[in-house]
Amino acid sequence: AGDRMWQTLTLLFALVPCALVQLSLVFIHRDVSRDRPLVLLLHLLQLGPLVRCVEALYIYFRANRFEEPYVSITKKRQMPKDGYSEEVEKEVGQAEGKLCTHRSAFSRASVIQAFLGSAPQLTLQLYICVLQQEVTVARSIFMVLSLLSIVYGALRCNILAIKIKYDDYDVQVKPAAYLCIFMWRSFEIATRVTVLVLFGSVLRIWVFLIVLLNFLGFFFYPWILFWLSKSPFPENIEKELSRLGTTIVLCLLTFLYAGINMFCWSAAQVELSDPDLISKSQNWYRMTVYYIVRLMENAFLLLMWYIYRTDFYLYVCAPMLFLQLLIGYCMGIFFMLVFYQFCHPCKKLFSSSITEALLSCFKILYFICQHHKSTLLKGKVAMKSPENTDEARGSSKTIDSQSRSIHQSVSSNA
């Protein structure tokens with residue numbers, strides 16, 4: 001349409017995640033320390049994923065043709081049955097190990113592409129549709145592909161978090177779990193993007209403040225926890241990296257973490273004091289606080305949009321849209337609860353279920369409210385007690401004066 005700002009943002013949201021994907025593939029495969037100039041050149045030409053696919057296919061088709069001289073033995077526990085957990089040994093050859101590295105690299109690349117590329121792109125294209133007051137076929141296809149990319153990246157993030165947290169177990173994810181995660185992430189991300197677009201269409205300047213506060217808050221949150229833990233600086237990320245390089249890698253990791261939490265709950269919680277950089281504890285309270293605050297924020301942004309909406313929205317049933325978006329976000333929370341309660345592949349290893357955690361959170365909130373009410377009542381009683389004593393003294397004085405007047409009248413009559 002000739003708009004330079006929209007064109008610049010579209011290109012920016014396309015090129016920045018592509019560059020970060022190339023960096024992540026180079027970093028995971030450790031190409032910097034290996035003498036592979038052709039592969040590095042292809043990464044600079046944005047052909048890294050294509051080279052990795054060809055290399056993975058080459059390893060896969062040659063895997064069973066030759067007997068490998070070196071194999072490693074891994075031990076994985078099965079899910080507990082009747083309180084018992086068996087340990088199974090498995091031989092892993094070099095080809096299978098390389099394929100696992102490729103799969104892990106592409107999983108992380110899909111998360112980067114989803115939340116640093118597709119999520120901002122979807123928000124921008126939907127914002128353009130609102131301002132242009134039309135949805136073209138090409139733009140609608142682009143937005144659907146972006147939404148599917150975000151949901152797929154969030155799904156991969158969930159699976160990665162499960163495999164990192166329960167690395168000692170043989171994790172098998174069932175189709176019902178994939179379906180619950182897909183529905184959970186679809187409702188959560190779609191409603192979040194729509195809320196941001198509606199708010200930005202009527203309060204254009206304030207939306208930058210909301211985005212900046214969210215992003216900076218989630219970016220510095222892992223660093224604040226790391227500073228409070230007083231742990232030593234992580235040095236085991238990569239041997240060839242200097243302290244400055246390690247800091248840059250950690251900043252990119254927290255940058256991705258902030259980008260994920262802008263749109264949905266990050267299943268992989270960054271913990272810089274952990275050797276794996278991922279928290280392996282299931283913190284139900286942090287998740288509960290996140291969804292409560294996010295629901296309140298979405299409701300507040302929708303309320304501001306409803307108050308300051310323009311004439312364009314006169315043909316839209318604003319209360320119905322308000323209610324639909326809130327119900328959509330609650331539906332995402334509902335599918336999240338179903339996943340953790342019934343479909344999580346490692347639910348037998350939970351020390352407490354999510355329903356118990358929610359009940360304990362609500363009990364804590366209830367006790368806090370009751371304590372606040374009791375303090376208010378005590379304050380009111382303390383405020384009223386001097387008034388009651390004054391009234392009692394006044395009434396006693398009136399009774400004494402009345403008795404004296406009666407006594408005088410009786411004595412005069414006598």
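**Exercise 1. Describe how α4 and α8 pack against each other in this predicted model.**

*Solution.* Start with the geometry: α4 and α8 pack at an angle of about 45°, and their axes lie 10 Å apart. Next, put a word to that angle. Angles under 35 degrees count as roughly parallel, while 65 to 115 counts as roughly perpendicular. The angle of about 45° fits neither range, so α4 is oblique to α8. Finally, add the handedness: the crossing of α4 and α8 is left-handed.

**Exercise 2. Find the residues where α4 and α8 meet, and sort them by character.**

*Solution.* Begin on the α4 side, which brings V111, I112, F115, L116, A119, P120 and T123 to the contact. Then look across to α8, where their partners are F255, L256, G259, I260 and F263. Now sort the residues of this contact: 10 are nonpolar, two are polar and none is charged.

**Exercise 3. Explore the second largest pocket and work out which helix supplies the largest share of its lining.**

*Solution.* First, the volume: the second largest pocket has about 930 Å³. Of the 26 residues that line this pocket, F13, P120, T123, F208 and V211 are the closest to its centre. Two of these, P120 and T123, also appear in the contact of α4 with α8.

Next, list the helices that each supply at least two lining residues: α1 (4–28), α4 (94–132), α6 (175–202), α7 (204–229) and α8 (243–263). The largest share comes from α4, with seven residues.

Last, check the character of the lining: 22 residues are nonpolar, three are polar and one is charged.

How values were computed. Residues are numbered from 1 along each chain as its sequence is written. This is a predicted model: local features need pLDDT of at least 70, side-chain atom pairs count only at pLDDT 80 or more; totals for chains, interfaces and linings use all residues. Side-chain values use heavy atoms; hydrogens and water are left out. On a 1 Å grid over the protein atoms alone, a cavity is a set of points where a 1.4 Å probe fits but cannot get out, and a pocket is an open set with protein on both sides within 12 Å along at least five of seven lines; lining residues have an atom within 4 Å of a point. Grid points are joined across faces, edges and corners, and a volume is the space filled by probe spheres set on the points. Helices (H or I, at least four residues) and strands (E, at least two) are DSSP runs, numbered from the N terminus. Ala, Val, Leu, Ile, Met, Phe, Trp, Tyr, Cys and Pro count as nonpolar, Asp, Glu, Lys and Arg as charged, and the others, Gly among them, as polar. Axes are lines fitted to C-alpha atoms, for helices over the stretch in contact, and angles run from 0 to 180 degrees between N-to-C directions. Angles under 35 degrees count as roughly parallel, over 145 as roughly antiparallel, 65 to 115 as roughly perpendicular and the rest as oblique. A crossing is left-handed if the near helix is turned anticlockwise from the far one by less than a right angle, and right-handed if clockwise. Contact means heavy atoms within 4.5 Å.
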